[in-house]
Amino acid sequence: MKRYLLFASHSYAFAILRPIAEAIVRRGDEAAWWIEYSCPDLRKEGEKRLYNLKEVNAFAPLAVIAPGNWVYPFFPGIKVEVFHGYPMRKRIEAVDDHFTLRGWWDIYCTQGPSSTPFFTELAKENGYFCVYETGWCKADTFFSKRETEAVRKRPCILYSPTFSKGISSAWIMPKEIERLAEECNWDWIITLHPLLMEDKELVQQYETLAERHANVQFLRINEGIQTFRLSDVLLCDSSSLIVEYLMTNKPVVTLRNTHPGEYLINIQTPEEIREAIEKALTHPERLMQAIEKYTAYHEAHRDGHNSERVLNAIDDFMANHKNQMRHKPLNLWRKAQMIIRYLKSRRC
């Protein structure tokens, strides 16, 4: 029996890693969760959790699979990066942060044409990791579990901003959403990135907004496809969540998106939101065609088997590459930070 450790440092990790957990069980193997002290425990009944290094060493995972930017390097097993989103170039940078190498990973599981070629070149240059185009494991839920959505009496708008300062619309939107909630015959769902949830004052503003208006709901956790199915349009800014939502074949309205395209209805001021949402709700043909083309560029695999390809990639790496790779960078300072982080987590 093969064992795998699923590494969750933020709440969004569960929606990303759960398809892999299910694929592991289907193979007759075993999965366990490592959940950071700052991350809510969103396991399902019967799912195993490990609490300390001693338990992790005893479990002896073949691989540690993580969607974040870091992992404990002293955990046993090869380290597998499955990403927490698609490359979106949220900032005005030459190279997306998606492609930053931090020296932790043995395997990068890429998603499609927007990510594979760049990582393939990085692998050739650095030599200490392998790249497999598997598709994003979270996307399995978009394509393998099609469900009929409930018929809504009126449109529902999902607002889910990014956390990046200078890009996020989160701090300017409460008043605008309140105005639209009063003027328009729409329902609203509001979710915030886990890092935004650390801003207690901001969270309070949105919670109060939801309390004042029956047609506004504030969700502390965005459950991915389950949340997407409750809405008709996403209102956003420059979050990587945009690609995920577009894969449900629904329109996105963005406020000052850093890299707008034909697949978005992008606006510059909050005063334009109402008209933009009204347009999005009509599903313009040209917009929907652009959405289909754009999502195919990011996610190449739509058969619902991306998680199985991740596990196959791990098997191939172990059989054919593990003992032929260059040494990873020493990363002494980063490793020291990881030790401090782990010790801190044991005190919480």
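**Reasoning from cut-offs in a predicted model**

Trainee: What makes P284 partly exposed?

Mentor: In this predicted model, P284 has a relative accessible area of 21%, and because partly exposed covers what lies between under 20% for buried and over 50% for exposed, P284 is called partly exposed. The residue sits in the loop between α9 (273-280) and α10 (285-298). From P284 to N185 the separation is 99 residues in sequence and 21 Å in space, C-alpha to C-alpha.

Trainee: Why is N331 called buried?

Mentor: The relative accessible area of N331 is 18%, and since buried means under 20%, N331 counts as buried. Its place is the loop between α11 (306-320) and α12 (332-347), and, leaving aside residues up to four places away in sequence, N331 touches R102, G103 and W104.

Trainee: How do you know that C109 has no bond to the closest cysteine sulfur?

Mentor: The closest cysteine sulfur to that of C109 belongs to C137 and is 7.9 Å away, whereas a disulfide requires sulfur atoms within 2.5 Å, so the distance is too far for a bond. C236 is likewise in no disulfide, the nearest cysteine sulfur, that of C156, being 15 Å away. The structure as a whole holds zero disulfides.

Trainee: What makes C109 and C236 buried or exposed?

Mentor: For C109 the relative accessibility is 1%, and C236 also has 1%; because buried means under 20%, C109 counts as buried, and so does C236.

Trainee: How many helices and strands does the protein have, and why is it called as compact as a globular protein of that length?

Mentor: The secondary structure comprises 12 helices and 13 strands. The radius of gyration is 21 Å, and the globule rule gives 20 Å for 348 residues, so the two values are close and the protein is as compact as a globular protein of that length. Along the principal axes, the C-alpha atoms fill a box of roughly 60 × 45 × 40 Å.

Trainee: What share of the residues is buried, and what share of the contacts joins residues at least 24 apart?

Mentor: Buried residues account for 55% of the 348 residues. If one takes the contacts between residues at least 6 apart in sequence, 68% of them join residues at least 24 apart.

Trainee: How many positive and negative side chains are there?

Mentor: There are 46 positive and 45 negative side chains, with the centres of the two sets 5 Å apart. As for the accessible surface, it comes to about 16,200 Å², and carbon and sulfur atoms hold 51% of it.

Notes. Residues numbered from 1 in each chain as written. Predicted model: local features only at pLDDT ≥ 70, side-chain atom pairs only at ≥ 80, totals over all residues. Heavy atoms only, no water. Helix = DSSP H or I, 4+ residues; strand = E, 2+ residues; numbered from the N terminus. Rg over C-alpha atoms; globule rule 2.2 N^0.38 Å. Buried < 20%, exposed > 50% of the residue type's maximum accessible area, 1.4 Å probe, protein only. Contact = heavy atoms within 4.5 Å. Areas by Shrake-Rupley, 256 points an atom, 1.4 Å probe, with all protein chains shown as cover. Lys, Arg positive; Asp, Glu negative; His and termini not counted. Charge placed at Lys NZ, Arg CZ, Asp CG, Glu CD.
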